[in-house]
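Subject: Handing over the structure

Hi there,

Here is the structure I promised to send over. Please have a look at it first, and then read on for my notes.

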Amino acid sequence: REKQPLPSLPTGPLNECDDIVTDKIPQDTYEPDDRPIDIVWRNVVVFVILHSVALYGLYLCFISAMWTTTIYGILLYQMSAFGITGGAHRLWAHRSYKAKWPLKVILLICQTLAHQNSVIEWSRDHRVHHKFQETDADPHNAKRGFFFSHMGWLLCKKHQEVKNKGKGVDMSDLYAEPLLRLQHKYFLVLMPIVCFVLPTIIPMLLWNETFMNAYCVNILRYICALHATWLVNSAAHMWGSKPYDKFINPVENRLVSFFAIGEGWHNYHHTFPWDYKAAEFGRINLSLTIINLFAKIGWAYDLKTVSKEMIEKRVTRTGDGSHEIWGWGDKD
Ligand code: ST9
Ligand code: ZN
Ligand code: ZN
């Protein structure tokens with residue numbers, strides 16, 4: 001099949017009520033090109049070291065780490081995960097709900113704890129991913145295979161199309177937020193403190209954990225959260241059902257939802273990206289539970305969602321037949 005250039009998409013200021021990412025291109029016309037991969041060896045070395053330390057941390061969990069340190073590692077995993085799902089993803093990249101400033105501060109701290117780049121950089125890549133999904137302009141194009149979409153894309157230079165098309169994606173709403181500009185500007189100072197230094201010092205000060213145990217268990221929780229996130233880009237673009245849209249590759253994947261606290265319902269999410277639930281139902285969706293709790297105290301509001309009628313129409317029109325179309329909401 002002949003390779004076609006990616007078409008331009010309309011740009012312009014973002015209207016808060018608009019769905020910012022539905023004007024996608026038809027993806028089935030594009031095959032990845034065969035350009036040589038430009039490996040960034042610094043990242044390869046850093047990730048090899050981090051994975052080695054994480055494995056040693058896992059060993060220490062069974063050998064010498066205090067059980068409080070392990071529980072604390074699991075808690076930090078959940079907090080960092082919520083910084084990504086409730087913050088970078090559902091609040092900022094998709095604007096699927098609004099948040100008062102105390103919640104924004106909590107989300108920013110948790111997102112920095114996750115170290116997946118600043119919210120602005122994360123959201124730019126993510127908006128480009130939705131808009132140009134599975135083309136050369138998608139930063140983690142799943143058509144390049146499991147490893148590339150999982151972590152390989154962070155080990156090499158981005159395709160020029162990512163940069164070209166990405167420039168047309170409106171980011172003005174995020175640059176308009178002083179807190180996000182602050183985090184972006186000082187990320188290289190804030191990130192090491194919040195993601196590595198404080199999580200290591202706290203167990204040493206509060207329950208006399210050794211440096212080695214505290215440091216390695218924290219690296220383990222960081223690496224686990226990275227893989228859980230990356231699984232959304234790899235496994236949840238490959239293995240599962242497509243009840244909402246069989247013409248796209250993202251799928252519903254229960255296991256990914258478990259590790260990524262509710263972000264594995266990816267066929268739904270790519271079909272209705274403005275829904276703050278990122279899923280039709282509330283099952284295996286810890287992020288949703290937490291956002292709902294914040295909504296109860298008014299810190300999260302204007303929660304956008306999709307009507308059952310709209311979902312039903314879409315399921316009938318483009319679903320693969322796997323939807324429990326009878327028993328709507330019964331299992332919610
Ligand atoms: C990490 C991110 O892991 C993971 C994100 C995953 C997203 C998942 C989404 C799934 C849904 C949500 C699920 C949540 C589940 C959570 C569960 C939690 C348990 N548009 O990047 P550079 C331009 S990070 C427009 O250096 P290179 C731009 O001009 C891990 N323009 O490109 C830019 O300059 P500036 C830790 C773009 O040189 C310039 O290019 N972090 C775009 O090709 C250079 O940009 C790392 O490992 C765009 N999209 O290098 C760092 N992109 O920024 C890894 C670029 O000044 N990153 N431009 O405007 C790097 O080292 C590099 O980015 C690189 C590419 C080597 C990968
Ligand atoms: Zn995706
Ligand atoms: Zn998304």
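To place a residue in a loop, one first needs to know what counts as a helix or strand: helices are DSSP runs (H or I) of at least four residues and strands (E) are runs of at least two, numbered from the N terminus. With that in hand, Arg95 falls in the loop between H2 and strand S1 (98-99). Please keep in mind throughout that this is a predicted model.

Some overall numbers to begin with. The protein chain has 14 helices and 2 strands, and 52% of its 332 residues count as buried. Taking contacts between residues at least 6 apart in sequence, 72% join residues at least 24 apart.

Now to the metal sites, starting with ligand 3. Which residues hold the zinc ion (ligand 3)? Its protein donors are His89, His94, His126, His130 and His269, each through NE2, at 2.0 to 2.2 Å from the ion. Along the chain these donor residues follow the spacing H-x4-H-x31-H-x3-H-x138-H. His89 sits in helix H2 (residues 67-93) and His126 in helix H4 (residues 119-131), so this pair ties together parts that are 37 residues apart in sequence. Both His89 and His126 are buried.

The zinc ion (ligand 2) has the protein donors His129, His237, His266 and His270, again through NE2, lying 2.1 to 2.2 Å from it. Their spacing in sequence reads H-x107-H-x28-H-x3-H. Here too a pair links distant parts of the chain: His237 is in the loop between helix H10 (211-233) and helix H11 (254-259), while His266 is in helix H12 (residues 266-271), 29 residues away. His237 and His266 are both buried.

You may want to know about the geometry: what are the angles among the 4 donor atoms of the zinc ion (ligand 2)? They run from 90 to 157 degrees, and the site is classed as irregular. Four donors count as tetrahedral if all angles lie between 85 and 135 degrees, and the upper value of 157 degrees at this site is outside that range.

Next, a helix pair. Two packed helices are described by the angle between their axes and the distance between the axes. For H2 and helix H9 (residues 187-207), the angle is about 145 degrees and the axes are 11 Å apart. The crossing of H2 and H9 is right-handed. On the H2 side the contact involves Thr68, Thr69, Tyr72 and Leu76, which meet Leu198, Pro199, Ile202, Pro203 and Trp207 of H9. By class, the residues of this contact are 7 nonpolar and 2 polar, with no charged ones.

Asn218, in helix H10, has contacts with residues of that helix pair. Leaving aside neighbours within four places in sequence, Asn218 is in contact with Leu76, Cys195, Phe196, Pro199 and Thr200. Is Asn218 buried or exposed? Its relative accessibility is 4%, so Asn218 counts as buried.

Two residues caught my eye for their backbone angles. Arg95, the loop residue mentioned above, is not a glycine, yet has a positive phi of about 55 degrees. Arg95 is buried, with a relative accessible area of 11%.

His115 also has a positive phi, near 30 degrees, in a residue other than glycine. This histidine lies in the loop between helix H3 (101-113) and H4. At a relative accessible area of 18%, His115 is under the 20% cut-off and therefore buried. Not counting residues up to four places away in sequence, His115 touches Phe187, Met191, Cys195, Phe196, Tyr222 and Leu226. From His115 to Trp101 there are 14 residues in sequence and 21 Å in space, C-alpha to C-alpha.

Finally, Pro36 is found in the segment before helix H1 (41-63). Pro36 has a relative accessible area of 72%, over the 50% cut-off, so it is exposed. Pro36 and Ile284 are 248 residues apart in sequence, and their C-alpha atoms are 40 Å apart.

Best wishes

Terms used:
Residues are numbered from 1 along each chain as its sequence is written. Chains are lettered from A and ligands numbered from 1 in the order in which they are written. This is a predicted model: local features need pLDDT of at least 70, side-chain atom pairs count only at pLDDT 80 or more; totals for chains, interfaces and linings use all residues. Side-chain values use heavy atoms; hydrogens and water are left out. Donors are N, O and S atoms within 2.8 Å of the metal (3.2 Å for Na, K and Ca); water is not among the atoms, so sites may look incomplete. Buried means under 20% relative accessible area, exposed over 50%, partly exposed in between (1.4 Å probe, protein chains only). Axes are lines fitted to C-alpha atoms, for helices over the stretch in contact, and angles run from 0 to 180 degrees between N-to-C directions. A crossing is left-handed if the near helix is turned anticlockwise from the far one by less than a right angle, and right-handed if clockwise. Contact means heavy atoms within 4.5 Å. Ala, Val, Leu, Ile, Met, Phe, Trp, Tyr, Cys and Pro count as nonpolar, Asp, Glu, Lys and Arg as charged, and the others, Gly among them, as polar. Four donors count as tetrahedral if all angles lie between 85 and 135 degrees; four count as square planar and six as octahedral if opposite donors are over 155 degrees apart and all others between 65 and 115; anything else is irregular.
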